[in-house]
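Trainee: I have a model open and would like a close look at one helix. Please take me through that part, then show me what surrounds it.

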Amino acid sequence: MNKKKNIDKKAQLETMEQIIVIMIVIIGGLIVFGIFFKINAGSAKVEKLAKLEQSAVEIAQLVSGMPELACTRNNVVTANCVNLIKAEKLKTSDIITNNIQYYHTIFGFSKITLQQVYPSPLPPPPPPPELVIYDNKPEKPENTKFTHRISTPILIYDPSVATSSCFELGKGTCNYGYLSIEMYT
Amino acid sequence: MNRTKNSRKGMGSDIIGIAILFVIIILALAFYIGIKVFEKPSAPQKEYISSKFAYDVIDVVLRTNSADCKGLSFKDIIQDCASKISSGGSNCDDGKPKTCTYAEDNLFNILKTHLKEKEGMSYYFSISTNQDDFEGNLLTWNDLSGTSKSFNFNSTEKDIPAQCPASKRSKTYQIPNIAGENIYLKLDVCV
């Protein structure tokens, strides 16, 4: 009787021991799986951000070369330059709205803003004048946020000011500004 | 007695097994985390800064027309200043400083507004007629006497150190002087 009790007790102990080992292995496995999952999720996020940054850089380089905005003389495009009159026309007309599919393939979900730095208008005004050229948000605006922004310096050519000359572009004035590219996600 | 001993022995080997398993898992995990941590993600913005941004800033600044210095571009203004540095350059519009001071004030404001205020970047901008010597007085023209003809702009009044504290992306731009010498413009963007 006593022997049977002892055997039962031992069997109980062994079962308990096995359960504890299994539990420890499961908990360890879960911790390891959690850490791996977190690291992978983090690196996926980093990759996504890197892709967004890459797109923003590409867009910045594309904008000043677009015929809708580029500074040209005798059909030669001037690098890093935006024609202010063309930019204002692009903003006020429905060109982008009517051809949103086309522009979406180039700019995606982003906001492109032209901002003048010098000369700043008088009286000193913060904020300086800005011109939103393109703003295409994803369908669910409540979940939308900017994840990345880059800026690139740009010459803002204003042909309406005939008192000075702007390099190879001829009459007009060249102001210092920048293009801001913000990517939505 | 013997059985209990055996059972204890069995438990001991189980614990050693678990310990070995954990050591292996921890080592594997450490190896994996090590790889992930030291793996450098591609950073296009940094590449863009290094390859093009600094160059574009100088390029655009030089082609910008001044608001009140006879409509001259900053390239013309810097060239004028460098060739007449002993007198502080030619006169600008009435009531405005001469070209050297005009360039200093306005370039300082343009770069401060764009790089520091809008982008939060620290930078160091300098102009010299000697490619190997961009050092000098950090807040104003380095030498107005005309002996070395080097002059310097500084991005800072107090808050930014004169040189980038860590790494920087540097671009040097070269324009010809009226006298035939070269003028070197250097922009360091701190990263």
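Mentor: Start with the length of α4(B). Its 20 residues should span 28 Å at 1.5 Å a residue, and the end C-alpha atoms are 27 Å apart, so expectation and model agree. Keep in mind that this is a predicted model. The helix also has a bend. α4(B) turns by about 35° at Lys112(B).

Now look at burial along α4(B). Thr99(B) and Cys100(B) are buried. Tyr102(B), Ala103(B) and Glu104(B) are buried too. Then come Asn106(B) and Leu107(B), followed by Ile110(B) and Leu111(B). His114(B) and Leu115(B) complete the buried set. The spacing has a general background. An α-helix has 3.6 residues a turn, so residues three or four places apart point the same way.

Next, the two sides of the helix in sequence. α4(B) is followed by Gly120(B), whose phi is positive, near 65°. On the other side is the loop between α3 (74–83) and α4 (99–118) of chain B, and Gly88(B) sits in that loop. Gly88(B) has 16 other C-beta atoms within 10 Å, so Gly88(B) is partly exposed. Compare its position with Val61(B). The two are 27 residues apart in sequence, and their C-alpha atoms are 21 Å apart in space.

Step back to the whole chain. Chain B has four helices and four strands. Their order along the sequence is α-α-α-α-β-β-β-β. Of the 191 residues in chain B, 33% are buried. Among contacts in chain B with a separation of 6 or more, 54% join residues 24 or more positions apart.

Chain B also has a partner. In the interface, 33 residues of chain A are in contact with 32 residues of chain B. On the chain A side, α1 (2–63), β3 (110–118), β5 (146–158) and β6 (173–184) each supply at least two residues. α1(A) gives the most, with 14 residues. That side of chain A divides into 20 nonpolar, 10 polar and three charged residues.

Finish with the backbone of chain A. Most residues other than glycine have a negative phi, and most peptide bonds are trans. Asn74(A) has a positive phi of about 50°, and Asn75(A) has one of about 65°. Asn74(A) lies in the loop between β1 (70–73) and β2 (76–83) of chain A. Asn75(A) is placed in the loop between β1 and β2 as well. Asn74(A) is exposed, with 6 other C-beta atoms within 10 Å. Asn75(A) also counts as exposed, with 6 C-beta neighbours inside 10 Å. Elsewhere, Tyr118(A) and Pro119(A) are joined by a cis peptide bond, with omega about -10°. Pro119(A) lies in the loop between β3 and β4 (130–135) of chain A.

Conventions
Residues numbered from 1 in each chain as written. Chains lettered and ligands numbered in written order. Predicted model: local features only at pLDDT ≥ 70, side-chain atom pairs only at ≥ 80, totals over all residues. Buried ≥ 20, exposed ≤ 12 C-beta atoms within 10 Å, placed from the backbone. Contact = placed C-beta atoms within 7 Å. Nonpolar A, V, L, I, M, F, W, Y, C, P; charged D, E, K, R; others polar. Expected span 1.5 Å × (residues − 1). Bend = angle between axes of the 7 residues up to and from the residue.
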